[in-house]
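Biologist: I would like a close look at a single part of this protein, explained slowly enough for a first-year student to follow. Please begin with one residue and its surroundings, and then work outwards from there.

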Amino acid sequence: MIFSRFERLMAKRYLRAKRKEGFISVITGFAFTGIALGVATLIIVMSVMNGFREELLSRILGINGHIGIISSVGMPFNNYQQAVKDIAEFDDVKSVIPMVENQLLVSAGKAAEGAMVRGISKDDLLKKDVLRDSLKELNLEKYAGNNVILGARLAQKMGIVPGDEITLISPNGKVTAFGTVPRMKSYNVLGTFEVGMFEYDSSFIFMPLEAAQVYFGLPGAVTNIDVTLADDKMVKPVRKAIEESVGAGAYVYDWKQSNSAFFNAIDVERNVMFLILTLIILVAAFNIITGLIMLVKDKGRDIAVLRTMGATKGMIMRIFFMDGAFIGVVGTTLGFALGLLFCDNIEAIRQGLQRLVGQDLFSAEIYFLSKLPAKVDATEVAVVVIISLLLSFLATIYPAYRAAKFDPVEALRYE
């Protein structure tokens with residue numbers, strides 16, 4: 001649509017509210033603000049949801065692999081070395097890690113907490129990128145014997161610092177004539193790790209594989225085999241190949257099965273929030289309609305004069321279309337910039353608000369992550385901008401059409 005210089009000048013003049021047109025200016029301001037806030041909020045919420053998904057996935061796959069294997073008969077893997085060797089030869093397999101994993105009670109002084117102990121060798125520990133990055137300050141050469149590594153939040157809850165001693169208590173102890181005696185043993189805390197996911201930082205303990213085998217009474221055996229892939233899109237075919245290889249003696253599962261609740265909840269919330277927040281933009285678009293209809297009614301005499309001077313219906317329609325489109329374009333642009341700026345500084349903003357109100361606005365115990373994430377998806381942002389512009393343009397059609405159909409004779413008669 002090509003606009004003449006005359007049409008642009010008239011549209012610009014009508015956007016400038018005079019004193020007697022103050023109410024129309026207020027409605028226009030509400031429409032402009034509503035579109036800007038709607039677009040910004042939609043971008044922020046979608047980016048936070050994307051950030052949640054990516055951060056959770058990176059933390060989960062930073063501790064666990066894409067595929068896990070456990071015994072389906074409740075017995076440990078005694079021939080795990082051969083199984084690890086065979087699986088490592090599959091296409092797209094990046095690493096295969098044998099481990100011993102079990103739940104128990106950890107105590108230190110008067111404090112006691114439930115924990116998940118994972119026995120894993122030093123070389124395999126370093127294969128986990130997220131975990132390795134959180135252990136940079138530790139001397140992993142000492143990761144042997146009775147030295148263990150605790151989650152930072154678990155250590156904080158129990159008041160433990162590196163060098164302290166903890167006692168691990170397992171209910172699966174020795175069977176005696178007087179009943180089962182819990183297995184207890186003391187270990188030295190080499191240091192702590194913090195991957196940024198509350199579930200792991202508050203409940204995991206890593207110990208050398210050999211020490212875990214001795215403690216749990218599994219000489220030369222493991223309870224789990226962890227498989228990490230080079231490409232997460234190959235989970236299904238690799239999982240199928242592993243199932244055929246290990247047979248009925250093992251249960252094979254992937255990360256989507258074990259964490260489906262997390263990601264299903266995020267996807268549902270993301271879709272619902274998109275629909276709800278789009279309504280904000282829709283309401284703002286209705287404000288555009290209201291403001292333009294009132295502007296058309298107020299400018300009835302001007303429209304009549306323009307028509308008698310030779311202005312066509314198309315020119316009148318384009319003038320008011322430009323007014324509505326201007327509100328939509330500028331509001332969308334401001335919302336776009338505001339949304340991106342907020343996403344880029346979202347953690348700093350959260351910290352500032354926390355200091356201001358004196359409360360924790362993003363509890364790691366509830367949201368599982370220690371920092372508020374945000375990942376901007378260019379495609380989603382483009383969709384939000386297009387929806388906003390489309391609704392804004394559609395909102396201008398009826399008022400502009402009504403202005404074009406305005407009868408100049410009737411307008412001048414009642415003035």
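Modeller: Two residues are said to be in contact when heavy atoms of theirs lie within 4.5 Å. With that in mind, and remembering that this is a predicted model, we can turn to valine 238, which lies in helix H9, a helix that covers residues 235–246. Leaving aside residues up to four places away in sequence, valine 238 touches Ile67, Asp91, Asp92, Val93 and Leu229. One of these partners, aspartate 91, is 147 residues away along the chain, and yet the C-alpha atoms of valine 238 and aspartate 91 are separated by 7.7 Å. Valine 238 has a relative accessible area of 4%, and because buried means under 20%, valine 238 counts as buried.

The next residue along helix H9 brings in charge. Side chains of opposite charge can pair when their charged atoms come close. Here the side chains of arginine 239 and glutamate 243 meet in a salt bridge, with 3.3 Å from N to O. The two residues are separated by about one helical turn, because they are 4 residues apart in helix H9. Their exposure can be described as well: arginine 239 is buried, with a relative accessible area of 18%, whereas glutamate 243, at 35% relative accessibility, counts as partly exposed.

Elsewhere, salt bridges that share partners join Lys94, Asp129 and Arg132 into one network. Within this network, aspartate 129 forms a salt bridge with lysine 94, and the closest N and O atoms are 3.9 Å apart. This pair links distant parts of the chain, since aspartate 129 belongs to helix H5 (residues 129–133) and lysine 94 to strand S2 (residues 93–108), and the two are 35 residues apart. Aspartate 129 is partly exposed, with a relative accessible area of 37%, while lysine 94 is exposed, with a value of 54%.

Strand S2 also takes part in another pairing, in which glutamate 101 forms a salt bridge with arginine 118, the closest N and O atoms being 2.5 Å apart. This pair, too, links distant parts of the chain, with glutamate 101 in strand S2 and arginine 118 in strand S3 (residues 111–119), 17 residues apart. Arginine 118 counts as buried, at 4% relative accessibility. A search of the whole structure finds 9 salt bridges.

Stepping back to the protein as a whole, there are 17 helices and 9 strands, and of the 415 residues, 45% count as buried. Among the contacts with a separation of 6 or more, 80% are between residues 24 or more positions apart. The accessible surface of the protein comes to about 21,700 Å², and 59% of that surface belongs to carbon and sulfur atoms.

To finish, consider how helices can pack. Two packed helices are described by the angle between their axes and the distance between the axes. Helix H13 (residues 313–344) and helix H16 (residues 378–404) pack at an angle of about 155°, and their axes are 8 Å apart. Angles over 145 degrees count as roughly antiparallel, so H13 is roughly antiparallel to H16. The contact involves residues of both helices, among them Phe320, Phe321 and Gly324 of H13 and Ser388, Leu389 and Phe393 of H16. The crossing of H13 and H16 is right-handed.

Conventions:
Residues numbered from 1 in each chain as written. Predicted model: local features only at pLDDT ≥ 70, side-chain atom pairs only at ≥ 80, totals over all residues. Heavy atoms only, no water. Buried < 20%, exposed > 50% of the residue type's maximum accessible area, 1.4 Å probe, protein only. Salt bridge = Lys/Arg side-chain N within 4 Å of Asp/Glu carboxyl O. Areas by Shrake-Rupley, 256 points an atom, 1.4 Å probe, with all protein chains shown as cover. Axes fitted to C-alpha atoms, helices over the stretch in contact; angles between N-to-C directions. Parallel < 35°, antiparallel > 145°, perpendicular 65-115°, else oblique. Left-handed = near helix turned anticlockwise from the far one by under 90°.
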